[in-house]
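Here are some exercises to work through with the model open on your screen. Try each task before you read its solution.

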Amino acid sequence: MDLECKFSIFDSALSLTSDAMIEGYASHFGRADQGGDIVCKGAYSVSLAALKREGRAVKMLWQHDPAQPIGVWDEVREDDKGLWVKGRLLDTIGKGREAAALIAAGAIDGLSIGYRTKRAVKNDKGQRVLTELELWEVSLVTFPMLTSARVGAKTDSLIAQDMRDMAAALRAAQKDMARP
């Protein structure tokens, strides 16, 4: 399929709310990533219009694994800054709960796009300037390539709270079992 991946770190505008909603930028325009690629404003517009016209959606995956969808992107759009995404982690599946807990704990703070390059040019620095991309998926990832942004968890997720409650209950049960 020849899909490429372009990594980004969530910026401070990204949030994980108590209902496992996440939002933020999956890509920033005009910034060179660690591979030297630069995405231009408008690079996603043709792809996003085609997806909408065909009734398809950008997939939310875990670590680019097509066998591990972890949620749905409810909104994917370009603005002046980059590619903005808003979606829901599915707390009805294990990997969705795990992703929410990892984001809340700060262990995962990266996004990566899976795409095909439709048009690109080289600039005078030899960098690839991506002018049209066919967007397939946006993944939550461990190691991002675009290091200019960070994730922020604005509120505690219910899932993370449930995990803390479960751990406390297990500790209490262990204490009870250890009593003579």
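**Exercise 1. Start with one pair of residues. Which residue in β7 is the bridge partner of G24? Then work out how the strands around β7 are arranged.**

Step 1. Click on G24 and look across to β7: the bridge partner there is V85. Keep in mind that you're looking at a predicted model.

Step 2. Now look for another pair that links to β7. M21 has R88 as its bridge partner in that strand.

Step 3. Put those pairs into the bigger picture. Strand β3, residues 21–28, pairs with β7 in the antiparallel sense, over 7 bridges.

Step 4. Go back to V85 and look for V76, which stands opposite V85 in β7. The strands β6 and β7 also pair in the antiparallel sense, over 7 bridges. They form a hairpin, with 3 residues between them.

Step 5. So β7 pairs with β3 and with β6.

**Exercise 2. Are β3 and β7 largely enclosed or largely open? Use the burial of their residues to decide.**

Step 1. You need one cut-off here: a residue is buried when its relative accessible area is under 20%.

Step 2. Apply that to β7, residues 82–89: 6 of its 8 residues are buried. The rest of the structure therefore largely encloses β7.

Step 3. Do likewise for β3, where 7 of the 8 residues are buried. That strand is largely enclosed too, because so many of its residues are buried.

Step 4. For background, buried residues make up 42% of the 180 residues in the protein chain.

**Exercise 3. Sketch the order of helices and strands, and say how far apart in sequence the contacting residues tend to be.**

Step 1. Count the elements: the protein chain has 3 helices and 9 strands.

Step 2. Write them out in sequence order and you get β-β-β-β-α-β-β-β-α-β-β-α.

Step 3. Take the contacts between residues at least 6 apart in sequence. Of these, 70% join residues at least 24 apart.

Step 4. Finish with the surface: the protein chain exposes about 9600 Å², and carbon and sulfur atoms supply 54% of it.

**Exercise 4. Which residues other than glycine have a positive phi in the loop between β5 and β6? Compare their exposure.**

Step 1. Find the loop between β5 (59–62) and β6 (65–78), where Q63 sits. H64 lies in that loop as well.

Step 2. Check the backbone angles. Q63 has a positive phi of about 55°, although it isn't a glycine. For H64, phi is near 65°, again positive in a residue other than glycine.

Step 3. Check exposure. Q63 has a relative accessible area of 31%, so it counts as partly exposed. H64 comes in at 18%, so it counts as buried.

**Exercise 5. Describe the largest pocket, then follow E137 out of its lining.**

Step 1. Start with volume: about 390 Å³ of space lies in the largest pocket. Its lining has 20 residues, and the closest to its centre are L3, R56, L135, W136 and E137.

Step 2. Ask which elements contribute. α1 (45–54), β5 and β9 (128–141) each supply at least two lining residues. The most come from β9, with 6 residues.

Step 3. Sort the lining by chemistry: 12 residues are nonpolar, 2 polar and 6 charged.

Step 4. Zoom in on E137, which is in strand β9. Its relative accessibility is 6%, so E137 counts as buried.

Step 5. List what E137 touches, leaving aside neighbours within four places in sequence: V58, K59, L61, H64, S112, I113 and G114. H64 is the buried loop residue from Exercise 4.

Step 6. Take one of those contacts, G114. The C-alpha atoms of E137 and G114 are 5.0 Å apart, although the residues are 23 apart along the chain.

**Exercise 6. Is F143 buried or exposed? Place it in the chain too.**

Step 1. Look in the loop between β9 and α3 (158–178) to find F143.

Step 2. The cut-off for exposed is over 50%. F143 has a relative accessible area of 68%, so it is exposed.

Step 3. Find S112, which is 31 residues from F143 along the chain. Their C-alpha atoms are separated by 8.9 Å.

Note on methods. Residues numbered from 1 in each chain as written. Predicted model: local features only at pLDDT ≥ 70, side-chain atom pairs only at ≥ 80, totals over all residues. Heavy atoms only, no water. Helix = DSSP H or I, 4+ residues; strand = E, 2+ residues; numbered from the N terminus. Buried < 20%, exposed > 50% of the residue type's maximum accessible area, 1.4 Å probe, protein only. Contact = heavy atoms within 4.5 Å. Areas by Shrake-Rupley, 256 points an atom, 1.4 Å probe, with all protein chains shown as cover. Pairing = 2+ DSSP bridges. 1 Å grid on protein atoms, 1.4 Å probe; cavity = no way out; pocket = protein on both sides within 12 Å on 5 of 7 lines; lining within 4 Å. Points joined across faces, edges and corners; volume = space filled by probe spheres on them. Nonpolar A, V, L, I, M, F, W, Y, C, P; charged D, E, K, R; others polar.
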